[in-house]
Amino acid sequence: MPEKIKLAYLLAGGCAGCDMAVVDLSETLLDVLPHLDIVFWAPTVADVKYKDLEAMPDKSIDLGLVSGMIRLAEQEHMTRVMRRKCKALVALGACASLGGIPGMANMHTKKDIFDTAYFDTYSTDNPEGITPQTKCLVDGKYELTLPEFYENVRPISAVVEVDYFTGGCPPHHSFVGAALMAVLEGKLPPPGSWLTSGKAVCDVCSRNPGLKGQERELIKEVRRVVDGQPDQEKCLLQEGYICLGAVTQGDCNAQCPGVNIPCRGCGGPIPGVKDFGLRAVSAIAASMADEKLVDQIDCPAKLFYRYSLPSSILGGKLK
Amino acid sequence: MSDWKPNIIVFACNWCTYQGADLAGSLRYKYPSSINIVRVPCSGSIEAEYIVEALHKGADGVLVGGCHPGDCHYKEGNHKALRRFNLLHRLLVDMGVEPERVRLEWISGSEGKRFAQVMNEFDATIRKLGPSPNGRNGNA
């Protein structure tokens with residue numbers, strides 16, 4: 001293992017769930033911490049300011065982790081700063097790598113979002129029609145600024161070159177540990193790759209009929225989790241619960257199917273897949289028994305692109 | 001805009017639609033030069049990615065041609081194509097792509113005339129829609 005390495009962590013547009021996944025490493029973190037010198041972790045953990053990171057010499061940090069997507073000008077700026085200061089940059093979690101849950105906002109325009117947030121909801125009282133401005137003058141002398149709210153959500157790879165991608169919402173802490181150890185020990189794939197076991201969720205799922213020596217059957221009806229309780233043993237997809245495990249990276253060890261929840265694809269696409277949603281469409285439609293059944297799948301865009309809309313070929317709804 | 005010619009990709013199954021295109025040629029049926037045929041083993045081998053990637057890279061319309069139901073050389077490849085197509089169609093509508101830009105047709109090896117008819121029809125549909133927003137002449 002090398003000497004201490006310098007680590008920087010930026011939370012861009014995410015919810016801090018990925019930060020929690022790193023903290024959740026618990027004992028593994030104890031093994032790793034003596035080798036880490038955390039120079040920046042904002043805005044959640046360390047009391048280091050943006051200007052401190054900006055003042056550090058370029059390429060002075062060994063490893064940078066960025067979680068969260070790019071929605072605001074501030075997030076884009078800080079991600080660019082991270083890229084300049086870090087030798088290796090890792091997109092941590094579904095938002096940074098693919099756009100994540102907030103990426104579904106790309107189905108709506110900025111105007112739609114502002115109208116809902118500042119005017120239309122029942123509990124909103126905004127008679128003067130005030131919306132956030134990038135600049136505002138208070139008392140005629142104090143100029144206050146806010147970062148610009150962009151038209152679209154983007155994964156960080158749309159803004160900077162990313163060395164490694166990891167999926168998960170959040171990534172399972174054991175996987176974060178394995179990824180960190182791989183970086184510390186220098187056991188890394190070529191830059192631009194995903195840090196993954198390469199297996200699909202189905203490969204590691206105990207429900208997979210293929211692993212039990214049974215034949216896979218076609219889907220005969222479409223069900224939703226609200227419709228009843230799935231069988232504890234049988235494959236969720238075969239039972240009709242649309243599960244995207246076949247096209248999702250299985251670094252999570254199939255935890256959701258283990259507790260009766262169909263996979264929604266937060267792990268990111270399995271290697272070789274460029275567009276998660278389209279591959280999911282191909283895979284799910286191919287395993288249906290009848291062409292009419294596909295009409296029973298609710299809102300396909302938000303089901304198949306739940307975590308990956310901004311990184312899809314389509315990018316978002318065409319306006 | 002007046003000299004705009006659509007760019008249309010046709011994925012034609014080797015056993016039926018491609019043979020239909022061949023027959024259309026032998027019988028001297030005319031169809032527009034905007035049609036670019038890609039010969040594929042089976043309509044069931046066409047994944048959603050191929051269609052969307054074609055649209056993304058500048059096609060104004062994409063047509064998938066397969067054997068009539070029950071006639072698939074690989075037994076049920078065309079049924080798989082239909083299931084995938086139906087689901088992709090709904091996804092594209094959600095995503096704001098004009099659904100008329102993608103089409104699935106069953107054209108057998110003996111339907112040379114029908115092949116030419118469908119191509120003329122599809123070309124007319126695309127000309128009416130105009131350049132795709134993702135296409136070569138669009139703005140995006």
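**Entry 1: two helices across the chains**

I began with α10(A) and α2(B), which are oblique to each other, because oblique is what remains when angles under 35 degrees count as roughly parallel, over 145 as roughly antiparallel and 65 to 115 as roughly perpendicular. I noted that the model is predicted, that local features need pLDDT of at least 70 and side-chain atom pairs pLDDT 80 or more, while totals for chains, interfaces and linings use all residues. Residues are numbered from 1 along each chain as its sequence is written, and chains are lettered from A and ligands numbered from 1 in the order in which they are written.

For this pair I found an angle of about 140° and axes 8 Å apart, with α2 of chain B covering residues 48-56. The axes are lines fitted to C-alpha atoms, for helices over the stretch in contact, and the angles run from 0 to 180 degrees between N-to-C directions. Helices here are DSSP runs of H or I with at least four residues, strands are runs of E with at least two, and both are numbered from the N terminus.

I then looked up which residues meet: L278(A), R279(A), V281(A) and S282(A) come from α10(A), and A48(B), E49(B) and V52(B) come from α2(B). Two residues are in contact if their C-beta atoms, placed from the backbone, lie within 7 Å. By class, this helix contact has four nonpolar, one polar and two charged residues. For the classes, Ala, Val, Leu, Ile, Met, Phe, Trp, Tyr, Cys and Pro count as nonpolar, Asp, Glu, Lys and Arg as charged, and the others, Gly among them, as polar.

**Entry 2: the whole contact between the chains**

Next I looked at the full contact, to which chain A gives 23 residues and chain B gives 21 residues. On the side of chain A that touches chain B, α10 (276-286) and α11 (300-304) each supply at least two residues, and α10(A) has the largest share, with seven residues. I sorted that side of chain A by class and found 15 nonpolar residues, one polar and seven charged.

**Entry 3: chain B**

In chain B I counted four helices and four strands, which run β-α-β-α-β-α-β-α from the N terminus on. The radius of gyration of chain B is 14 Å, close to the 14 Å that the globule rule gives for 140 residues, so chain B is as compact as a globular protein of that length. The radius is taken over C-alpha atoms, and the rule is 2.2 Å times the number of residues to the power 0.38.

The four strands form an open sheet in the order β2-β1-β3-β4 with parallel pairing, where two strands pair if DSSP finds at least two bridges between them. At the edges stand β2 (35-40) and β4 (102-106) of chain B, each with a single partner strand, so one side of each has no neighbour in the sheet. From one strand to the next the twist averages 20°. I followed β3 (residues 61-66) of chain B to β4(B) and found five bridges in the parallel sense; V62(B) has V102(B) as its bridge partner in β4(B).

α1(B) packs on this sheet, touching β1 (8-13), β2 and β3 of chain B, and its direction makes about 110° with that of β1(B). I also checked α1 (residues 17-26) against α4 (residues 112-129) of chain B, which pack at an angle of about 95° with their axes 7 Å apart, and they are therefore roughly perpendicular to each other.

**Entry 4: chain A**

Turning to chain A, I counted 11 helices and 10 strands. The chain is divided into domain 1 (5-100 + 155-194), domain 2 (107-148) and domain 3 (202-311), with bounds that come from an automatic or database domain assignment. The centres of domain 1 and domain 2 of chain A are 31 Å apart, taken over C-alpha atoms.

An open sheet of six strands in chain A has parallel pairing and the order β2-β1-β3-β5-β9-β10, and its edge strands, β2 (36-42) and β10 (193-194), each pair on one side only.

Last, I looked at the backbone and found a cis peptide bond from A42(A) to P43(A), with omega near 0°; P43(A) is in the loop between β2 and α3 (50-55) of chain A. The peptide bond from C169(A) to P170(A) is also cis, with omega near -10°, and P170(A) is in the loop between β9 and α7 (173-185) of chain A.
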